Amino acid sequence: MRVIIYTGKGGVGKTSMAAATACNIAESGKKVLIMSTDQAHSLGDSFDIAIGKELTRITDHLYAVEIDTVYEGEKSWGHLKNYMKQLLTAKGGGGIEAEELLIFPGLEELFSMFRILDAYESGIYDTIIVDCAPTGETLSLLKYPERLSGLIEKVLPLEKLGVKTVGAVLEKAMKIPMPKDNVFDDVEYLMEKMKRLQKLMLNQDVVSLRVVTTPEKIVISEAKRNFTCLYLYHYNVDAIIVNHIYPPEAMQGYFHKWVKLQEEGMREIQESFSEVPRFCVELQPKELRTLEVLGETGRHIFGAYDPNDVLFRRKIYEIDREGMSLKIYLPFADKEELRLEQDRNELVVGVRNECRRFPVPAEFAGREITGAKFAEGYLRITF
């Protein structure tokens, strides 16, 4: 099974590209599910049919769903959320807007990913295509499994057996409610599911991310930042889709001044993503809607390539035992924006406002960092 995730800046055409890819793969006879995690769903608009939170059959081989994040959230952590609400209002006399306080950025997107995990683990489909929210939300979504597990452990450190034994006494003495069994069930469910989700997302034989961009400089800059951050979290970006390219015949008259700008943008994309397969999509004479048009576009995008393949893979994390060093691939990172720290047996690598912890390889355990050099997209750390 394959999971292919489309991401990029808002307005670049992620939904259309994801839908066209789904049509292309389904035409080959594979059973495909396309899912939207963007709360501003437009998947139904692309196919020109009504699509909701329940599975919708589009063809014999193609199915679609627009994930309802509120519904998925209640299903995933309803009991835990209610307990936390009780804690917040225990001494507040009902004056606290607890519902608003319990909205954690990115949490709803995480529950959307649970739905993707469920589809993957069902084994029903050959390919799952994911139309993600714009870049910022996607990055938040992808790093949540790693971060939320630690938060839950701190917020709810009590053991189920201990609460059963002394819960009533504590509840009376502290005047706060103790969690019930179903709260612990929610915690166990979340923790276990996040582990499986993280394992799936880092499986480069199964999961690929594809960045959609346009030839405008501001959008290309966002795509490069996105690309770097995804590699920082060990996700595999196997293709760049360049959308909204103006054909030569359209660059006449009023749009003549755009010729040079588009040429510069295309040159930057070629230079920046030289090793990654790039697929160019010209502005179409008709709107990218309906199954027929999306099917034509999907065939046009990939040509002789099979979009279901893993189109590119690069080793992100390399250990050089002889040179006592390791390399981390961080394309497009600026040397001035990098920071590196050692926290006991972990390396803390930061790029701008993104931060990731890497375990120090067992071979280097107990050693201190002696140097670091950033060159040709790699951060080389010596011990």
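Six bridges, to start with a small piece of the fold: 6 of them join β11 to strand β12 (residues 346–351), and the two strands run antiparallel. Within this pair, L338 stands opposite V351 in β12. Please keep in mind as you look around that this is a predicted model.

**The three-stranded sheet**

β11 and β12 belong to an open sheet of 3 strands with the order β11-β12-β13 and antiparallel pairing. Its edge strands are β11 (338–343) and β13 (354–359), each of which pairs on one side only. From one strand to the next, the twist averages 20 degrees. Helix α9 lies across β12 and β13, and runs at about 25 degrees to β13.

Helix α9 covers residues 217–232, and E222 is one of its residues. Is E222 buried or exposed? With a relative accessible area of 17%, E222 is buried, because the cut-off for buried is under 20%. Setting aside residues up to four places away in sequence, E222 touches K9 and T135.

**The eight-stranded sheet**

Now for another sheet in the chain. This open sheet has 8 strands in the order β3-β4-β2-β5-β1-β6-β7-β8, and its pairing is mixed. At the edges are β3 (56–57) and β8 (278–282), and each pairs on one side only.

β2 is a good strand to follow with the structure open. It sits between β4 and β5 in the strand order. On the β4 side, 5 bridges join β2 (residues 32–36) to β4 (residues 62–66), and these strands run parallel. On the β5 side, β2 and β5 also pair in the parallel sense, over 5 bridges. The table lists residues of β2 with the residues that stand opposite them.

| Residue in β2 | Stands opposite | Partner strand |
|---|---|---|
| V32 | T127 | β5 |
| M35 | V65 | β4 |
| S36 | E66 | β4 |

How many of the residues of β2 are buried? The count is 5 of its 5 residues, so the strand is mostly covered, with buried meaning under 20% relative accessible area. In a regular strand the side chains alternate between the two faces of the sheet. For β2, V32, I34 and S36 lie on one side, while L33 and M35 lie on the other. Both faces are covered, and all of these residues are buried.

**A residue beside β2 and β4**

L43 lies in helix α2 (residues 43–47). Why does L43 count as buried? Its relative accessibility is 0%, and the cut-off for buried is under 20%. Leaving aside neighbours within four places in sequence, L43 is in contact with T15, I34, M35, S36, I51, A64, V65 and E66. Two of these, M35 and V65, stand opposite each other across β2 and β4. Another of the contacts, E66, is 23 residues from L43 in sequence, yet their C-alpha atoms are 7.1 Å apart in space.

**Helices across the sheet**

Helix α1 (residues 14–27) lies across β1 (2–8), β2, β4, β5 (127–131), β6 (207–213), β7 (237–245) and β8. Its direction is at about 170 degrees to β5. Helix α10 (residues 258–272) lies across β6, β7 and β8, and runs at about 175 degrees to β7.

**A nonpolar patch on the surface**

Which residues make the nonpolar surface patch of about 450 Å²? They are Y254, F255, W258 and L261. F255 lies in the loop between β7 and α10. At 31% relative accessibility, F255 counts as partly exposed, because that class takes in values between the buried limit of 20% and the exposed limit of 50%.

**The chain as a whole**

Stepping back, the secondary structure of the chain comes to 11 helices and 15 strands. Of the 383 residues in the chain, buried residues make up 49%. Among contacts between residues at least 6 apart in sequence, 73% join residues at least 24 apart. The chain exposes about 18,800 Å², and carbon and sulfur atoms supply 51% of that area.

How values were computed:
Residues are numbered from 1 along each chain as its sequence is written. This is a predicted model: local features need pLDDT of at least 70, side-chain atom pairs count only at pLDDT 80 or more; totals for chains, interfaces and linings use all residues. Side-chain values use heavy atoms; hydrogens and water are left out. Two strands pair if DSSP finds at least two bridges between them. Helices (H or I, at least four residues) and strands (E, at least two) are DSSP runs, numbered from the N terminus. Contact means heavy atoms within 4.5 Å. Axes are lines fitted to C-alpha atoms, for helices over the stretch in contact, and angles run from 0 to 180 degrees between N-to-C directions. Patches are made of residues with over 30% relative accessible area and no salt bridge: like charges are joined within 9 Å, nonpolar side chains (Val, Leu, Ile, Met, Phe, Trp, Tyr) within 5 Å. Accessible areas come from the Shrake-Rupley method with a 1.4 Å probe; for residues, only the protein chains shown count as cover. A salt bridge is a side-chain nitrogen of Lys or Arg within 4 Å of a carboxyl oxygen of Asp or Glu. Buried means under 20% relative accessible area, exposed over 50%, partly exposed in between (1.4 Å probe, protein chains only).
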